[in-house]
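Student: I would like to go through the terms applied to this model and ask what each one rests on.

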Amino acid sequence: MFSIKMRSSLGGKNGVGGKHISGAERIVKSCDVEKTVSSLLERARNHERGKADFINLKIQEVNENEAVRVPLLKITSKKTSSKSEGRSFAKSELLRIGVSEVAVKNAFEALESLSDSMRGAIVLDADSGERLDSFGMRGVRCSNMDVADKDKYEKKLSELNMAGEHAREALVLASKVAWAKGALAELCWSDDPNYVTGYVASQKFGYTRISVMKDLGDYVGGRVFFVRLPIDLDSYIDYLQNQVVLVEV
Ligand code: AMP
């Protein structure tokens with residue numbers, strides 16, 4: 001299999017300092033590399049955030065035998081009609097999962113005070129609410145994951161009426177994150193100004209889509225990964241960044 005990673009930006013110099021436009025990754029069979037590359041290029045050049053003028057593509061063979069397989073989280077949806085309703089539902093879900101009040105408060109304060117999106121996630125202690133990673137404004141990037149069977153996954157998503165790249169990718173990421181050792185919950189809303197849906201995810205209750213979590217036109221999104229100590233932080237971050245994970249539908 002091959003891992004294909006794309007990141008794109010606009011207005012920088014040699015890809016440095018510009019505005020982040022889009023990033024995506026796939027793990028595909030050798031015969032699907034060309035068509036995947038072409039769809040990722042298309043995405044970078046026609047994105048709501050702008051048309052990228054720098055596109056970085058990395059293609060690398062991965063050993064399927066080294067991949068960890070995790071199950072896809074079960075999916076439920078909550079219909080909300082405003083940012084405040086969505087966020088207050090997300091807070092109650094996080095508490096129901098077992099995240100402490102102070103950790104929920106800190107997570108929302110951290111995301112709501114961002115003036116631009118981070119590229120990765122904030123890792124918080126689910127009990128003390130303290131930030132554990134030292135990645136600053138970059139955050140921890142979860143990488144090297146995809147679904148094991150693309151056709152089965154597409155079928156499942158269409159049965160659930162979940163069209164579109166956002167949900168497709170978020171659910172894979174959330175499934176990887178939820179099965180990390182020590183993981184308790186995840187909170188996310190998108191940085192795509194036209195996509196207002198967010199989610200709370202956990203091994204305990206699965207992936208809960210929340211239809212409105214922010215205002216239309218808002219460019220700032222974010223993610224928080226809540227973990228329950230004790231964990232080995234280095235191994236946790238190594239799992240998120242480097243472990244190849246194939247999600248079984
Ligand atoms: P997105 O759902 O792609 O719009 O991303 C929403 C936010 O989640 C971004 O602004 C980042 O802060 C964070 N994020 C996006 N991709 C990742 C990733 N692969 N790993 C960790 N955090 C991410």
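Tutor: Start with the largest cavity, which is lined by Ala174, Val177, Ala178, Ala183, Leu184, Ala185, Glu186, Ala201, Ser202, Phe225, Phe226 and Tyr236. This is a predicted model, in which local features need pLDDT of at least 70 and side-chain atom pairs pLDDT 80 or more, while totals for chains, interfaces and linings use all residues. Residues are numbered from 1 along each chain as its sequence is written, and side-chain values use heavy atoms, without hydrogens or water.

Student: What makes a space a cavity, and what makes a residue part of its lining?

Tutor: On a 1 Å grid over the protein atoms alone, a cavity is a set of points where a 1.4 Å probe fits but cannot get out, and a lining residue has an atom within 4 Å of a point. A search of the whole structure finds one cavity of 30 Å³ or more. The largest cavity has a volume of about 40 Å³, a volume being the space filled by probe spheres set on points joined across faces, edges and corners.

Student: Which element gives the most to that lining, and how does the lining divide by class?

Tutor: Strand S8 gives the most, four residues. At least two residues each come from H5, S8 (183–189), S9 (198–202) and S11; these are DSSP runs numbered from the N terminus, helices being H or I with at least four residues and strands E with at least two. The lining has ten nonpolar residues, one polar and one charged. Ala, Val, Leu, Ile, Met, Phe, Trp, Tyr, Cys and Pro count as nonpolar, Asp, Glu, Lys and Arg as charged, and the others, Gly among them, as polar. Glu186, in the lining, is therefore its charged residue.

Student: Why is the space of about 440 Å³ called a pocket?

Tutor: Because a pocket is an open set of points with protein on both sides within 12 Å along at least five of seven lines. This one, the second largest, is lined by 17 residues, with Val28, Asp32, Lys35, Thr36 and Lys150 nearest its centre. H1 supplies the largest share of the lining, five residues. By class, eleven lining residues are charged, four nonpolar and two polar.

Student: How do you know that Met118, Arg141 and Arg223 make polar contacts with the ligand?

Tutor: A polar contact is a pair of N or O atoms within 3.5 Å. A polar backbone atom of Met118 is 2.9 Å from a ligand oxygen. For the side chain of Arg141, the distance from a polar atom to a ligand nitrogen is 3.1 Å, and for that of Arg223 to a ligand oxygen, 3.0 Å. Each value is within 3.5 Å, so each pair qualifies. The protein covers 86% of the 480 Å² of accessible area that the ligand has on its own, by the Shrake-Rupley method with a 1.4 Å probe.

Student: Why is Asn144 called buried and Asn161 exposed?

Tutor: Buried means under 20% relative accessible area, exposed over 50%, and partly exposed in between. Asn144 has 10%, so it is buried; Asn161 has 68%, so it is exposed. Asn144 is in the loop between S6 and S7, with phi near 70°. Asn161 is in the loop between H4 and H5, and its phi is near 65°.

Definitions and conventions:
Polar contact = N/O pair within 3.5 Å; in protein donor to acceptor, adjacent residues only side chain to side chain. Buried < 20%, exposed > 50% of the residue type's maximum accessible area, 1.4 Å probe, protein only.
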